[in-house]
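Work through the exercises below with the structure at hand, and compare each step of your reasoning with the worked solution that follows the task.

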Amino acid sequence: MKSLVLEKKDELSLRDFPAIDREEDVLGPLDVRIKLHTVGICGSDIHYYTHGRIGHFVVNEPMILGHEASGTVIETGAGVKSVKVGDRVCMEPGIPDPNSKATRLGIYNVDPAVRFWATPPVHGILRPTCVHPEAFTFKLPDAVSFAEAAMVEPLAVGVHAATKARIKPGDIAVVMGAGPIGLVTVLSALAAGCARVFVSDLSDKKLEIAESLNPAITGVNAVTGDLVARVMKETDGWGADVVFEATGSPKAAAQIFQPLAPGGCVVMIGGQPDPISYDAGAAMVREARVENIFRYAHVFPRCVAMLASGAIDVKPLITRTFDFEESVRAFEVAASAPPADVKMQIVMPS
């Protein structure tokens with residue numbers, strides 16, 4: 001089974017990977033076998049490629065990349081009821097221990113035993129087929145394409161963040177960062193009821209893409225513009241009800257309370273590789289609520305439903321597509337961070 005393998009830091013190859021064939025040879029009674037169709041390139045995939053690690057997750061041996069995916073069911077276990085052969089599906093990539101305390105409390109995303117695709121030592125799904133539990137496999141409505149379905153995984157992060165923010169209709173939000181996660185957070189904030197969303201970034205091109213999504217979105221260049229001044233001017237000096245930090249930048253994180261209104265909420269989304277500091281005094285005088293998110297939980301069906309109804313449109317975020325045979329080049333391009341690109345995807349062989 002030819003797969004896209006991260007051999008080690010800065011080294012990728014397309015090659016057969018017999019170990020995964022042996023690992024997934026047997027289908028459990030509540031498992032499904034899926035032929036992959038579309039796989040997105042995530043920032044974490046790129047970080048493993050360029051750095052060989054994310055925090056304490058270290059690539060110590062060859063690992064298959066990829067975790068944002070859609071495909072078609074080609075085999076089902078004896079006990080599977082919710083999907084059948086031929087169904088188009090997307091898959092939630094994290095599989096928790098069903099008996100863990102975190103899972104029983106409903107916060108399965110923070111289960112220490114969760115097995116998440118393309119997080120060492122668990123292999124990802126840039127390969128022809130995979131085996132996955134029925135419970136984390138979701139049937140797609142006809143209105144949702146394979147490409148859109150492969151966006152459900154990053155969209156789930158934005159929807160989870162908006163849920164944690166407890167957005168109310170008419171709220172004003174700020175999103176720091178107009179990368180893929182920042183932009184799905186913008187869309188999620190609007191879908192949750194925000195009247196207006198300000199988004200900041202270093203790239204004018206990404207801000208143009210952001211503003212093209214909805215007239216309620218205002219882009220602010222973090223270098224040439226003044227985000228705080230713009231937000232304060234547009235809110236009569238009150239500030240934003242919610243601030244989402246989606247850059248992973250310590251510099252951005254240090255400023256999260258500046259555009260925030262009294263009683264507002266900050267949601268930390270961007271992964272920080274090292275400890276960061278922020279102004280606790282600024283948080284205190286605002287009596288700010290601070291939320292942190294780790295991936296997502298219980299939101300995949302909501303994301304699929306919003307894509308199907310048109311409540312959220314992720315198609316403008318898919319800016320480049322590669323064939324599977326071009327996977328190594330696709331990662332090289334993605335690692336160069338082209339300013340005009342948001343989400344790149346790989347289409348698997350038919």
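**Exercise 1.** Which helices and strands each supply at least two residues of the lining of the second largest pocket?

*Solution.* The model is a predicted one. Begin with the pocket itself, whose volume is about 300 Å³; 19 residues line this pocket, and those closest to its centre are Glu23, Glu24, Ile95, Arg115 and Val131. Next, assign the lining to elements: α1 (18-23), β10 (115-116) and β11 (129-133) each contribute at least two residues, and β11 gives the most, with three. Finally, sort the lining by character, which yields eleven nonpolar, two polar and six charged residues.

**Exercise 2.** Determine which parts of the chain are linked by the salt bridge between Arg127 and Glu24, and whether these residues are buried or exposed.

*Solution.* First check the contact, in which the closest N and O atoms are 2.9 Å apart. Then locate the partners: Arg127 sits in the loop between β10 and β11, whereas Glu24 sits in the loop between α1 and β3 (31-40), so that the pair links distant parts of the chain, 103 residues apart. Both Arg127 and Glu24 are buried.

**Exercise 3.** Classify the accessibility of Glu208 and of Lys205, which form a salt bridge.

*Solution.* The two residues lie three residues apart in helix α7 (residues 204-213), about one turn of the helix, and their closest N and O atoms are 3.8 Å apart. Because partly exposed covers values between 20% and 50%, Glu208 at 47% relative accessibility belongs to that class, as does Lys205 at 39%.

How values were computed:
Residues are numbered from 1 along each chain as its sequence is written. This is a predicted model: local features need pLDDT of at least 70, side-chain atom pairs count only at pLDDT 80 or more; totals for chains, interfaces and linings use all residues. Side-chain values use heavy atoms; hydrogens and water are left out. On a 1 Å grid over the protein atoms alone, a cavity is a set of points where a 1.4 Å probe fits but cannot get out, and a pocket is an open set with protein on both sides within 12 Å along at least five of seven lines; lining residues have an atom within 4 Å of a point. Grid points are joined across faces, edges and corners, and a volume is the space filled by probe spheres set on the points. Helices (H or I, at least four residues) and strands (E, at least two) are DSSP runs, numbered from the N terminus. Ala, Val, Leu, Ile, Met, Phe, Trp, Tyr, Cys and Pro count as nonpolar, Asp, Glu, Lys and Arg as charged, and the others, Gly among them, as polar. A salt bridge is a side-chain nitrogen of Lys or Arg within 4 Å of a carboxyl oxygen of Asp or Glu. Buried means under 20% relative accessible area, exposed over 50%, partly exposed in between (1.4 Å probe, protein chains only).
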